[in-house]
Amino acid sequence: MCTYRNATVPAFLSEEQVDRVLAATDRSTPVGRRDYAILLLLARLGLRAGEIAALELDDIRWRTGELVIRGKGRIVEHLPLLADVGNALARYLREDRRVNASRRVFLRTWAPHVGLTGPAAVGHVVRRRLAGAKIQRSGRGAAHLFRHGLATPMIRHGASLAEIAEVLRHRSQTTTAIYTHVSFEALRTVARPWPAGGGDR
């Protein structure tokens, strides 16, 4: 039995809401293409806001198809560079990221054109794009809405806590239990009861 360390479960975005945010992000502008790449890193790989802000050009390993992520506790991890994420990054870098002394992947669109200042800058991007998709979420940690929601489809497909912990890069399954508790509760509300007398199936 899982013991949760606090009573407040984290908010999350459903798959449909993630799709809405991505679809509502205008990719015909430089800032839109930058933001779309950021959103995909959140939605597909569950990166933390700080990890995205810290991502550098040399961390994208195009030849091997992977990203080098410098996470909590100075842990360095290698994640697969998924096709849609890679395409979005390549387009932003090719068309929009100006030549710059900064090695950060994502730069400010207004002068001074330096790397994003940290997690708060990524959170600002997310809040703007949520508003554009007419999705309201209160509280702090807007970028984590994607990370929290990443576990939901995994649960629906029968993934274990250990598997979800691996994807979210948690060192403790207790942390994963907190992240997924809201999803389990949501699934219970829509789960169809067994037919009377149906027995085990």
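This is a tour of one predicted model, taken in steps that can be followed in a viewer.

**The whole chain**

Begin with a cartoon view of the entire protein. Its secondary structure comes to eight helices and three strands. Reading from the N terminus, the order of the elements is α-α-α-β-β-β-α-α-α-α-α. Switch to a surface coloured by accessibility, if the viewer offers one: of the 201 residues in the protein, 43% are buried. Among the contacts between residues at least 6 apart in sequence, 58% join residues at least 24 apart.

**Stop 1: H1 against H2**

Select residues 15-24, which form helix H1, and residues 30-45, which form helix H2. Two packed helices are described by the angle between their axes and the distance between the axes. Here the angle is about 165° and the axes are 10 Å apart. That angle makes H1 roughly antiparallel to H2; the cut-off for this term is an angle over 145 degrees. The crossing of the two helices is left-handed.

Now show side chains. On the H1 side, pick Val-18, Val-21 and Leu-22; they meet Tyr-36, Leu-39, Leu-40, Ala-43 and Arg-44 of H2. Sorted by class, this contact of H1 with H2 has seven nonpolar residues, one charged residue and no polar ones.

**Stop 2: H2 against H4**

Keep H2 and add helix H4, residues 83-95. H2 and H4 pack at an angle of about 155°, and their axes are 9 Å apart. The two helices are therefore roughly antiparallel to each other. H2 passes H4 in a left-handed crossing.

Which residues of H2 and H4 make the contact? From H2, select Arg-33, Arg-34, Tyr-36, Ala-37, Leu-40, Leu-41 and Arg-44. From H4, select Asp-84, Val-85, Ala-88, Leu-89, Arg-91, Tyr-92 and Glu-95. By class, the residues in the contact of H2 with H4 divide into eight nonpolar and six charged, with no polar ones.

Some residues of H2 appear at both stops. Tyr-36, Leu-40 and Arg-44 are listed in the contact with H1, and these residues are also listed in the contact with H4.

**Stop 3: a salt bridge from H4 to H2**

Stay with these two helices and zoom in on Asp-84 and Arg-44. Their side chains meet in a salt bridge, with 2.7 Å from N to O. The pair links distant parts of the chain, with Asp-84 in H4 and Arg-44 in H2, 40 residues apart. Are these two residues buried or exposed? Asp-84 counts as partly exposed because its relative accessibility is 31%. Arg-44 is also partly exposed, at a relative accessible area of 32%.

Next select Arg-33, Arg-91, Glu-95 and Asp-96. Salt bridges that share partners join these four residues into one network. The structure as a whole holds eleven salt bridges.

**Stop 4: Asp-35 and its two arginines**

Centre the view on Asp-35 in H2, then show helix H5, residues 119-132. Asp-35 forms a salt bridge with Arg-128, where the closest N and O atoms are 2.5 Å apart. This pair joins distant parts of the chain, H5 and H2, across 93 residues of sequence. Asp-35 is buried because its relative accessible area is 0%, while Arg-128 counts as partly exposed at 33%.

Now add Arg-129. Asp-35 and Arg-129 also meet through their side chains in a salt bridge, at 2.9 Å from N to O. Again the pair links H2 with H5, and its members are 94 residues apart. Both Asp-35 and Arg-129 are buried.

**Stop 5: two backbone details**

Most residues other than glycine have a negative phi, and most peptide bonds are trans. The last two selections depart from those patterns.

Select Ala-111 and Pro-112. A cis peptide bond joins them, with omega about -5°. Pro-112 lies in the loop between H4 and H5.

Finally, move to Lys-134, in the loop between H5 and helix H6 (144-156). Its phi is near 60°, a positive value in a residue other than glycine. Lys-134 is exposed because its relative accessible area is 71%, and the cut-off for exposed is over 50%.

Terms used: Residues are numbered from 1 along each chain as its sequence is written. This is a predicted model: local features need pLDDT of at least 70, side-chain atom pairs count only at pLDDT 80 or more; totals for chains, interfaces and linings use all residues. Side-chain values use heavy atoms; hydrogens and water are left out. Axes are lines fitted to C-alpha atoms, for helices over the stretch in contact, and angles run from 0 to 180 degrees between N-to-C directions. Helices (H or I, at least four residues) and strands (E, at least two) are DSSP runs, numbered from the N terminus. Angles under 35 degrees count as roughly parallel, over 145 as roughly antiparallel, 65 to 115 as roughly perpendicular and the rest as oblique. A crossing is left-handed if the near helix is turned anticlockwise from the far one by less than a right angle, and right-handed if clockwise. Contact means heavy atoms within 4.5 Å. Ala, Val, Leu, Ile, Met, Phe, Trp, Tyr, Cys and Pro count as nonpolar, Asp, Glu, Lys and Arg as charged, and the others, Gly among them, as polar. Buried means under 20% relative accessible area, exposed over 50%, partly exposed in between (1.4 Å probe, protein chains only).
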